[in-house]
Each structure stands twice: as structure tokens, then as C-alpha cells.
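Colleague: I would like a close look at one part of this structure, the cysteines and any link between them. Please also set out the buried surroundings, in terms a first-year student can follow.

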Amino acid sequence: MLILSSLKLNNKLSQAHSLSWLATSISVSICYLLLCDVRNNKPAIQLATADIFSATSHLQNLMYLERHLIMSLGKYVANMEHKLTKIKGYIDHWEATAGREEFIGTYSEEDIIGNPLQAFQLVKRLTIDWKTISELFKKDGWSEVQQITQEYKSIMPKEDDLHGAALAIVRLQDTYNLTETELAMGKIQDQATRIQMTARDCLYLAKHAFNNAYYGYSLDWFEEALRRAYNEGNTTASVSEIQPFYQMASQVVEQFRRESREKGTALDTYHIYMEASGSKEHSTKFKMLEDDNEDYRKYQALCRGEKRRSPAQEKNLKCYLRHNNHPLLYLQPIRLEVQNEKPFVSIIHNLMTPREAEMIRELAAPLLSRARVQTDNGTMDMVSKTRTSQTAWFSPDTHPIVNRINRRIEAATGLSADMTDSHCELMQVANYGMGGHYTPHYDYLIVDRPEEERDQVDERELYAGDRTATVMFYLKDVVRGGSTVFPRLGVHLKPELGAAAFWYNLYRNGEGMIETVHGACPVLMGEKWVANFWIRERGQFTKRPCSLNPKE
């Protein structure tokens, strides 16, 4: 469960003694109120661990499933309307004969039973007409709809998927400075849609914002819910239902504000981030996020398109054609655009054809599973909470296209990408779903550990060595968002179909370049597909030899 409980709050408080007021000011009853749906007294928020929302490929399957269901529901409605027409016809016939006004409330035996025509109609209705109605209702049209939902039960979304989708909207709002009023009206930046949110929708998002420590945003969503409840006439959610949620959330935000005034910068230690937004007093956005640090804030700024480098820093960046003295590139040199010199970050344009990108997407779509990350012991058994995407892995034996791309990478980078001898990891294809993102991280796996712990890494990892370089292909254009950004370098790479981002993760001496910390911006509109090739140290000793300069 996405816990807005005293347990969750106390866990945070145990790490931040300066927030001790929170444990005492918010009672269990208040927490339970914010956690529950007051209509049925059931928990309203649960932990977002589901998988469907994390890949647009699966969302596409849901879209087709819903269309199938709509067709079946249309048939069901038509069938029900036909049945109701028959029933109404039966009633109308009765009202025109034995149910006329003058017969109501009387037995009228002579007028009904004594009239042979009336008697005939009575017998006919209870034999032919009633039999027809009875036969109609022996056939249950709903079974066809149930059959579809049973056949596709494995891809039907669960409540956790809805929770994940709600959190994605709040994350998009936070990253791209979207207002709750425009979102509720169906407007995403300057893109208008026909989607209109109800008061119930806004209340749901407000709860999620609160329970995920987006306190300032939760207040705005509660306010929007109140406005819409009033305008709707309390149809989807009532003002009286929303008001207690709003008041309790206001108390918490006010406590944060008071504590920040009293303690000053002490709260920064615990990643409580205050961002001015708008003119309303309470609209200062209070957040308490584990990943909220300087890199994360720069990451968000770059995602919004804010410039983080001066013209002087960019004046020496170049674009050029290069063949690397490789036979594959003599007739068609690569088009390389340098994005940063030290450490080296670049974009290689048109390194993959649109048809190849489409083929890789088609191969990966049925094999996608939720992105996982390595744990401290080197295993791959933990679902990533910082990366909302789904991935699939491909070896050279999977399809000839893998080897073809490998050879092209070797020609373009001058490095060895031989997967059979662990010079390069298997090709990883990733599909980012609703608000799909990857918070700032670096790609190297071994050198981020203390030196005394590096020999504890899995033998296969030690054999292959660390990730010397990264080659990431963009398999599709993204309508909005989805860029790759380097917070410490001020680099912003926009997804471009067929292009590949290429950068080094390690110095020549094998130590990590912390400046290569990078993140994937949330996908605002459209879908994002990438193919990652992580080139390992093994096999690069002659390709990229050590240098006497430790910073080269």
C-alpha cells in the first residue's frame, strides 16, 4: 500500500529528528482519513508495483482490448434494447386491452373474462408473447463480454496499475511545471485534448500526490477537486467528502512551512525541497523525496528545456563526418555531433535505419518485462523504482540484426562489441510507459564501490570488466519529453529516430567519470523506445589503452 500512515511517517522521522513534530501533529485517525475512501471505508491508495503502465507497448494492447470490449458491449446493448422493446410491447398491449383505465382497480370479470376477444388476448399474451420474452432472456448476452475479459485476464489492468498511472501524472506535473487546472481541463502544455477530469479524478490524484510526499501538489489537486465538485453539483464527489482531506493536507503543509522557518536550511539535509510556484500563499511546492538532490533538480530543469550552459561553453562543439578508416564507413561516413568534449558525449545521426528500428521494436514488444536493477550483491532481482520502463534482452543468436548493429557500433566507436566474449552486454531494448523516466544515475557498475569491495563482485562481472562506454539508439521519435540529460554537464539529447547517443563512462585508467551522471526525462506525450549497448572493459585494451594522464 502507498502508505500515508503513522508507520511511514515515523520511518521518515527516524531519519530526520528535526521533523519530530510530524509524528505528534498527525494522529492515526487523520492518517487513516487521508488513506481511505470515505464512501466504502476501504484503503484508497496502494503501492504502485504493477507493470502495465510502465510500457506503452502494453498500453497499446489495452487500447485494442478495450475496442474489442466496446464492440461486444455494443452488441450487448443492442440485444438488451431488443429485449426491452419486447417487454415494453407486452406492457403496451396489456395497457391497450385489459389494462385500460376503466379496468384499473376493479375485477371487471364481465368486461375481460366475459369478453371472448379479451379472453383470447389474455391467453395469447401468457402463451405466445410470454414464451417469446422468456426465450429471449434465456440467452445471456453478458457471457460474451465475460468470456473476453477471462481470455485476456493476464493483460487486464489491476488497481496497482491505476496507482502507477496516477503517480506518473503527478511526476509529469512536477517535472514540467504543469498546473492541475490545465491538466484537469485536458491541456498538456500548449496541446489541448478533449479529456476532462471529474472531481473524483482530481481527488484521487490529490491523495496520490500526498501519499508520495508531493505535499504542495496535493493541496492544489484537492482545491481543483473542490472546484469541480461544486461545478458538477456533487455528482462524482461531494464538497463535504473532499473538504476533510483538504483541511488535513493543509495542516501538514503548514507544519512544513513553520518548521522550515524555524529550522532554516536544516531541513535540506532530509531532502525537503521548496519550490516557489505561483502567487498563492500555499502554492509553494513542498516535497519530501528520497531522490531529491542537486543532480535531480538540474535534471528536471534540463528536462524542461532550460539552458544550463553558456555560449562560451558550447562554442568549440563541432559536427563532422568521420569514417575511422573502417571499410564499412568509407562510402557512408558517420555524422557525429559532439555534445561535450570532456567527458566525451556525442550523438551519431542515422546510425540505424527506420526499418531496423521498427524491426527491433517488433521483436521486443512481446518479450517486455518490468525494468530491474542490480542489487548490492550483483544480482538482478529487484524491480527498479527509479526507472519506469520495461525491457527485453537480445543476443546475437536471437536475430541477425543484433550482429549487424554490433559491427556498425565497432566501426563507429572504434571499440569491440563482441557479445560472445563479453566485450559488450546483450542488447537491451527498453520501452518507457506513462511518464516513463529514469532518475539520474551512472552506468558503471564496479568502480562506484569502495576499492576493498570491488573483488566481491560476481565473477562474470569481473571477467567482463566495467562499462567503458554506452551506445544508446533511439528507436522512435518522441512527441514531447523523453530526452536524455546530463545534469553535471548541462547536456540535453532529444530522441531522434535512428540516432545513437555515445559516451564514455570510464577514464582510460578504469576509474568512473562521475560527471556522466545522466537521466531519462519523463515521457510527456508519445512513446519512447531505446536500444542500449553497454561496452565492457574486456576487449578494449588495444582499442582504448591506458594513458599516463589519469584524467584522460
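Modeller: What follows starts with the disulfide and then turns to the buried residues and the cores. This is a predicted model, in which local features need pLDDT of at least 70 and side-chain atom pairs count only at pLDDT 80 or more, while totals for chains, interfaces and linings use all residues. Residues are numbered from 1 along each chain as its sequence is written, and side-chain values use heavy atoms, with hydrogens and water left out.

A disulfide is a covalent bond between the sulfur atoms of two cysteines. Here it is taken as a pair of cysteine sulfur atoms within 2.5 Å, and by this rule the count is 1 disulfide. Cysteine 303 is joined to cysteine 521, with 2.0 Å from S to S. The link of cysteine 303 and cysteine 521 is left-handed, with -90° about the S-S bond. Cysteine 303 lies in helix H13 (residues 294–303) and cysteine 521 in the loop between strand S21 (518–520) and strand S22 (523–525), so the bond ties together parts that are 218 residues apart in sequence. Helices (H or I, at least four residues) and strands (E, at least two) are DSSP runs, numbered from the N terminus.

Cysteine 303 and cysteine 521 are both buried. Buried means under 20% relative accessible area, exposed over 50%, and partly exposed in between (1.4 Å probe, protein chains only). Cysteine 424 has a relative accessible area of 4%, so it is buried. Cysteine 546 has 64%, so it is exposed.

The buried surroundings include nonpolar cores. A nonpolar core is a set of buried Ala, Val, Leu, Ile, Met, Phe, Trp, Tyr and Cys residues joined through side-chain atoms within 4.5 Å. The largest one has 40 residues, of which Met427, Val429, Phe473, Leu475 and Phe533 touch the most other members. Among the elements that give two or more residues to this core are strand S14 (427–432), strand S16 (467–474) and strand S23 (528–536). H16 gives the largest share, 6 residues. A second, separate core of 38 residues includes Cys202, Leu203, Ala249 and Tyr299.

Cys202 also appears beside a buried acidic residue, glutamate 224. Leaving aside neighbours within four places in sequence, glutamate 224 is in contact (heavy atoms within 4.5 Å) with Glu180, Thr181, Ala184 and Cys202. Glutamate 224 lies in helix H11 (residues 215–232) and is buried, with a relative accessible area of 3%.
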